[in-house]
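I opened a fresh page to keep track of what I look up in this protein. I want to write down each thing as I find it, and to keep the reasoning beside it.

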Amino acid sequence: MKFYSFPRWAEVLEKQRLSDSEKQSYRITIQWYLGDLKKRRQRATVGSARLFIEARIRERKPEEWIVERWREALNWFFKNAKSRTAAEIQKPMTARTVKGEDGSPDGRRAYGVTVREYQERVAPEPLIEEMIRLMRVRHLSYRTEEAYIGWVRRMEAFVAGKKTMEEFGEEDLKAFLSHLAVEEGVSAGTQRQALNAGVFFLRESRQMELGDFSDYVAANPNRYYPVVYSQGEIRRLLDRMEGVWKLMARLQYGCGLRISELCRLRVKDIDLERKKLTIRAGKGDKDRMVPLPRSTIEDLQAYLQDVRTVHDLDSEEGRPGVYLPNALDRKMPKAGESWAWFWAFPMKSLSRDPRNSDGPRRRHHILPKAYQRELSVAAQKADIPKRSNSHALRHSFATHHLENGTNIRTVQQFLGHQTVETTMIYLHVMEDQAEQCVSPLDRV
């Protein structure tokens, strides 16, 4: 079987002697096809193109002339693309080796190459594979893996045509960081994440000794105030949510959880009798415990009974147990099949672990993006004129606690902040309570 690669197809297409309408039609069809390949984690082949067109015909039932235009576009793509056999490809394509977002979803050119073109490339990845291995040795989260690999892709694009990532060095990283600040105007937090990814790549994957990193152009450290909902907005938001989504939103606001902590809750982490919620392996791989809102106890009891039905059905049908972290599946082989380790918010369907695409299909927890989508819809229905995301509920939890007189050290522990300075940001968004303050003289 032959696999095809055509990173600069958009540039080549633009130079062809075709009408503007034909170029536009070809461009849309090819992007559509390549996007479908990316979702399916496949490479471009003649067979996959044929299946793609057949699937689109079944879905849309288009007129014949439209189908013919699709075929013309893909025929042009394969005619001009370079082919390689399976034996020539050393490493399989996976989601982690091709994913690299640069904030330009419309395909704008970044550093001379579009993001989409870089996502289509198929190349040996020894440094990337080693970087992923080292991140997993250090127990970094999957989100961190995605972010760091994405930044390395952008660095690769930044030096494309000049040098390879095997030659990428300290000065190139400084130039890239300066470019982010000057040309792209990124925030200080974004630049800091790029710095962390670059340093990890050079120090760990390349095993380079690094010097001082103070001589690059730093991004503007704008002061950031979090988005906080009023208690009235919280009520309106929750009133427009239903079922498991409403319960998840109530828990996130009532316990101050991050979205990943909420979605990864397991049955054993919810102590209904002691009214405690345990957050395992939060940010920084730290555990913490928070009070469980009393108003959620009855709803959680009823909901967990329904979840127990899903668990029992999986057990009866012999499905693999849920994912266990840190090699616990080898230490406790049966734990993944137990009720205690089952997800509190499981998905309806089975899926594969993104870190192991060849692994078994098992029950995963609800995806953060699915929950976030429900929150956004509810915020629109509630007519809340603020940026709607799940973290606003966590911000609101902290702010409302402080407004109610809770000690800031206690709020720091509830949120899992390493330092109280991080928690102090909520002091700036509290309601003005100066009129409610009583002078110490009046207490004498």
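The entries below go from the whole protein to single residues.

**Entry 1: the model as a whole**

I noted before anything else that this is a predicted model, so I looked up how confident the predictor is, which is what pLDDT records for each residue on a scale from 0 to 100. The mean pLDDT of the protein is 83, and 87% of its residues reach 70 or more. I marked residues 88–124 with a caution, since pLDDT stays under 50 there, although the model has 84 contacts beyond four places in sequence for this stretch.

I then looked up the secondary structure, which comes to 19 helices and nine strands. Of the 444 residues, 43% count as buried, and the accessible surface comes to about 25,400 Å², with 49% of that area belonging to carbon and sulfur atoms. Taking the contacts between residues at least 6 apart in sequence, I found that 64% join residues at least 24 apart.

**Entry 2: one helix and its buried face**

Which residues of helix H11 are buried? I looked through residues 231–239, which make up H11, and found Glu233, Ile234, Leu237 and Leu238 to be buried. Looking down the axis of H11, I saw that these buried residues fall within an arc of 130 degrees, so they line one face of the helix. I added a general reminder for myself: an α-helix has 3.6 residues a turn, so residues three or four places apart point the same way. On the other side of H11, Arg235 and Asp239 are exposed.

What do the buried residues of H11 pack against? I listed three partners, namely helix H12 (243–255), helix H16 (368–381) and helix H17 (391–403).

I followed this to Ser396, a residue of helix H17, which counts as buried at 0% relative accessibility. Leaving out residues up to four places away in sequence, I found that Ser396 touches Val228, Tyr229, Ile234 and Tyr253. Ile234 was already in my notes as one of the buried residues of H11.

**Entry 3: aromatic rings**

How many aromatic pairs does the structure hold? I counted 15 of them, and I chose Tyr4 and Phe78, which form an edge-to-face pair with 5.0 Å centre to centre and 85 degrees between the planes. Tyr4 lies in strand S1 (residues 2–5) and Phe78 in helix H4 (residues 64–80), so the pair ties together parts that are 74 residues apart in sequence.

Phe78 also pairs with Phe77, again edge-to-face, at 5.3 Å centre to centre and with 90 degrees between the planes. Tyr4 counts as buried at 18% relative accessibility, Phe78 is buried with a relative accessible area of 12%, and Phe77 is buried too. Ring pairs link these residues into a cluster whose members are Tyr4, Phe6, Trp32, Tyr33, Phe52, Trp70, Trp76, Phe77 and Phe78.

**Entry 4: cysteines**

I reminded myself that a disulfide is a covalent bond between the sulfur atoms of two cysteines. How many disulfides does a search of the whole structure find? The search finds zero. I also looked up how two of the cysteines are placed: Cys255 is buried, with a relative accessible area of 0%, and Cys263 counts as buried at 0% relative accessibility.

Technical notes. Residues numbered from 1 in each chain as written. Predicted model: local features only at pLDDT ≥ 70, side-chain atom pairs only at ≥ 80, totals over all residues. Heavy atoms only, no water. Helix = DSSP H or I, 4+ residues; strand = E, 2+ residues; numbered from the N terminus. Buried < 20%, exposed > 50% of the residue type's maximum accessible area, 1.4 Å probe, protein only. Contact = heavy atoms within 4.5 Å. Areas by Shrake-Rupley, 256 points an atom, 1.4 Å probe, with all protein chains shown as cover. Arc of directions from axis to C-beta. Disulfide = S-S within 2.5 Å. Phe/Tyr/Trp six-rings, centres within 6.5 Å; stacked < 30°, edge-to-face > 60°.
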